[in-house]
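Trainee: I'm new to this one and would like a close look at a single part of it. Could you walk me through how that part fits in with its surroundings?

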Amino acid sequence: DIGDAEKEAETDFLKNDLEDLLDTLLPRERYILRMRYGLDDNGFKTLRQISGMLGVPEESVRQYEQRGIRKLRHPQRAGYLREYVSLEMDDQE
């Protein structure tokens, strides 16, 4: 079905663009966001789990996570994925 092929292509483009966006973060911010939100297909991890893997306090993990999210929300970066949100909104109408 053409609709399914379009959706699959759109998903692939989104994944690639998300990778490009994450590559703008510091390595630790990128790693923590990947683990927290299951972006590597390994499932979501808690602050405690990531803390144990990195050998740092949970508070440090939380701070890196927040810093990474704040950077991703910056208008220059956020605009990078905005078209996907508007496409999704159009599909729901």
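Which residues in α2 meet which residues in α4?

Mentor: Happy to take you through it, and keep in mind that this is a predicted model. Here is your contact straight away. On the α2 side you have Arg28, Glu29, Ile32, Leu33 and Arg36. On the α4 side, they meet Val61, Tyr64, Glu65, Arg67, Gly68, Ile69, Lys71 and Leu72. Sorted by class, the residues of this contact are 6 nonpolar, 1 polar and 6 charged.

Now for how the two helices lie. The axes of α2 and α4 come within 9 Å, crossing at roughly 95°. Because of that angle, α2 counts as roughly perpendicular to α4.

Let's step back for a moment to see where this sits. The protein chain has 5 helices and 0 strands, so to read the elements from the N terminus you just go α-α-α-α-α. The chain has 93 residues, and 25% of them count as buried. Take the contacts in the chain with a separation of 6 or more: 52% of those come from residues 24 or more positions apart.

Back to α2, which spans residues 27-36. Its buried residues are Glu29, Arg30, Ile32, Leu33, Arg34 and Met35. Charged names turn up in that list alongside nonpolar ones. As for what they pack against, the buried residues of α2 have α1, α3 and α4 as partners. Beyond the helix comes glycine 38, and its phi is positive, near 65°.

Tyrosine 31 also belongs to α2, but you won't find it among the buried residues. With a relative accessible area of 32%, tyrosine 31 is partly exposed, because buried would need a value under 20%. Leaving aside residues up to four places away in sequence, tyrosine 31 touches Met53 and Leu54. You can also set tyrosine 31 against glycine 68: they are 37 residues apart in sequence, and their C-alpha atoms are 9.9 Å apart in space.

Two of the residues we met at the start, Leu33 and Ile69, also belong to the largest nonpolar core. That core has 7 residues, and the others are Leu21, Leu22, Leu25, Leu72 and Leu81. Both α1 (2-22) and α4 supply at least two residues each to this core. Isoleucine 69 touches Leu33 and Tyr37, again not counting residues up to four places away in sequence. Apart from that core lies another one, of 5 residues, including Ile32, Met35, Leu47 and Ile50.

Leucine 21 is a good member of the 7-residue core to click on. You'll find leucine 21 in helix α1, and because its relative accessibility is 6%, leucine 21 counts as buried. Setting aside residues up to four places away in sequence, leucine 21 touches Leu72, Arg77, Tyr80 and Leu81. Leucine 21 and leucine 72 are 51 residues apart along the chain, yet 7.7 Å separates their C-alpha atoms.

The other core takes us over to α3. Leu47, Ile50 and Ser51 are buried in this helix. They sit on the same side of α3, because they cover an arc of only 105° around the axis. An α-helix has 3.6 residues a turn, so residues three or four places apart point the same way. The face of α3 turned away from the buried side carries Arg48 and Gly52, which are exposed. Look at what covers the buried residues of α3, and you'll find α2 and α4 included. After α3 comes glycine 55, with a positive phi, near 70°.

Last, compare how α3 (residues 47-54) meets α4 (residues 58-73): their axes come within 8 Å and cross at roughly 105°. That angle is why α3 is also described as roughly perpendicular to α4. In this contact, Leu47, Arg48, Ile50 and Ser51 from α3 meet Glu58, Val61, Arg62 and Glu65 from α4. By class, that gives 3 nonpolar, 1 polar and 4 charged residues. If you go back to the α2 contact, you'll spot Val61 and Glu65 there too.

Note on methods: Residues numbered from 1 in each chain as written. Predicted model: local features only at pLDDT ≥ 70, side-chain atom pairs only at ≥ 80, totals over all residues. Heavy atoms only, no water. Axes fitted to C-alpha atoms, helices over the stretch in contact; angles between N-to-C directions. Helix = DSSP H or I, 4+ residues; strand = E, 2+ residues; numbered from the N terminus. Parallel < 35°, antiparallel > 145°, perpendicular 65-115°, else oblique. Contact = heavy atoms within 4.5 Å. Core = buried A, V, L, I, M, F, W, Y, C linked by side-chain atoms within 4.5 Å. Buried < 20%, exposed > 50% of the residue type's maximum accessible area, 1.4 Å probe, protein only. Arc of directions from axis to C-beta.
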